[in-house]
Amino acid sequence: MSAPANLRRFPGVRAAAWAFFAYLYIPIVVLLVLAFNAGSTATIWGGFSLRWFGVVLNNPDILRAAKNSLIVASVSSVVATVMAIPAAIGMARRRFRGQAAVSALIALPLVVPEVVTAVATLLFFTAIALPLGLFTIILAHVVFCIPFAYLPIRARLEGMDASLGEAASDLYATPWRAFRRVTLPLLWHGILSGLMLAFIISLDDFVITFFVSGAGATTLPIYIYGMIRIGVTPEVNAISALMLLISIVFVALSWVVGRARS
């Protein structure tokens, strides 16, 4: 059997990889640097300062939008995770006809363009005459976040020994008791990982939120979009840097927890 080809030996692969990562991450690094700009313009460096972070944290409109984002992300991620747990357990423990189709249906929000999901959700809310607001944002985010909560839980179940549940049944444990005392403790890392991933996806979402939000339901991404329509300011850089930091922390924690072993 021949050895697998080493892509690094092909000419231009290394340069293309460096160009890709530079294109992807240099703008983010520039944004982070300019967030600490002491000047009054967003793109001209005027010295190091935390001034604009103070401006952001003392802006009541920004704080109100951040509160709405936290409410939406917290509720939708918890509900999505609670719904993903039985779905993952049912898909992992039983084999049935059409299982592949059900798996594809659960993962559909990851495949369908987000703008299509947003428009379809808006049309549905309009058809049932449901007023747009935080409640509609939460409903839309729950559906969108289920796959993100489901995948880490399903991955954790794949690595579990199914005989543990069978052993609990042999010891006269009821299905609920076996789940609570055996499955849930072993599954906890996957649940927590999926919860954090769903939380950050909901917190950062713009497209779906933009379509299904109503008056008084402005989240932080929507507020930032409204600010940049009149021009990029150092305040926008500071807000973006804070959101980026929160996203990195939650994604890193989700990855670490997902790899943990009890």
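Okay, let's start with the fold: read along the sequence, this chain goes α-α-α-α-α-α-α-α-α-α-α-α. In terms of secondary structure, that comes to 12 helices and zero strands. Before I go on, please keep in mind that what you see is a predicted model. The chain has 262 residues, and buried ones make up 37% of them.

Let's begin with helix H1, residues 13-34, where we find Leu32. Is Leu32 buried, exposed or something in between? Its relative accessibility is 30%, so Leu32 counts as partly exposed. Leu32 also has company on the outside: together with Phe20, Phe21, Leu24, Tyr25 and Ile28, Leu32 makes a nonpolar surface patch of about 530 Å².

Next stop, helix H3, which covers residues 60-93 and holds both Arg64 and Asp61. These two form a salt bridge, and their closest N and O atoms are 2.9 Å apart. As general background, side chains of opposite charge can pair when their charged atoms come close. Along the sequence Arg64 and Asp61 are three residues apart, which is about one turn of the helix. And how exposed are they? Arg64 has a relative accessible area of 48%, so Arg64 is partly exposed. Asp61 is partly exposed as well, at 38%. If you're hunting for further salt bridges, you can stop here, as the structure holds one.

Now for the pocket. The largest one has a volume of about 340 Å³. Which elements give two or more residues to its lining? Those are helix H4 (99-106), helix H5 (108-111), helix H6 (114-127) and helix H7 (134-158). H6 supplies the largest share, with six residues. In total 16 residues line the pocket, and if you want to find its centre on screen, look for Pro109, Thr117, Thr121, Ala140 and Val143, which lie nearest to it. What is the lining like chemically? It divides into 14 nonpolar residues, two polar ones and no charged ones.

Staying with H6 and H7, have a look at the loop between them, where Ala129 lies. What's unusual about its backbone? In general, most residues other than glycine have a negative phi. Ala129 is not a glycine, and yet its phi is positive, about 60°. This residue is also out on the surface: with a relative accessible area of 62%, Ala129 is exposed.

Last part: the loop between helix H10 (207-212) and helix H11 (220-228). Ser213 has its place there, and so does Ala217. Are these two buried or exposed? Ser213 has a relative accessibility of 19%, and the cut-off for buried is under 20%, so Ser213 counts as buried. Ala217 is buried too, with a relative accessible area of 1%.

Both residues also link up with other parts of the sequence. Ser213 and Leu132 are 81 residues apart along the chain, but their C-alpha atoms are separated by 5.6 Å. For Ala217, the partner to look at is Val72: they are 145 residues apart in sequence and 9.8 Å apart in space, C-alpha to C-alpha.

So, to wrap up, here's what I'd take home. We have a predicted model with 12 helices and zero strands. There is one salt bridge, and the lining of the largest pocket has no charged residues. Thanks, that's it from me!

Conventions: Residues numbered from 1 in each chain as written. Predicted model: local features only at pLDDT ≥ 70, side-chain atom pairs only at ≥ 80, totals over all residues. Heavy atoms only, no water. Patch = residues over 30% accessible without salt bridge, like charges linked within 9 Å, V, L, I, M, F, W, Y side chains within 5 Å. Areas by Shrake-Rupley, 256 points an atom, 1.4 Å probe, with all protein chains shown as cover. Salt bridge = Lys/Arg side-chain N within 4 Å of Asp/Glu carboxyl O. Helix = DSSP H or I, 4+ residues; strand = E, 2+ residues; numbered from the N terminus. Buried < 20%, exposed > 50% of the residue type's maximum accessible area, 1.4 Å probe, protein only. 1 Å grid on protein atoms, 1.4 Å probe; cavity = no way out; pocket = protein on both sides within 12 Å on 5 of 7 lines; lining within 4 Å. Points joined across faces, edges and corners; volume = space filled by probe spheres on them. Nonpolar A, V, L, I, M, F, W, Y, C, P; charged D, E, K, R; others polar.
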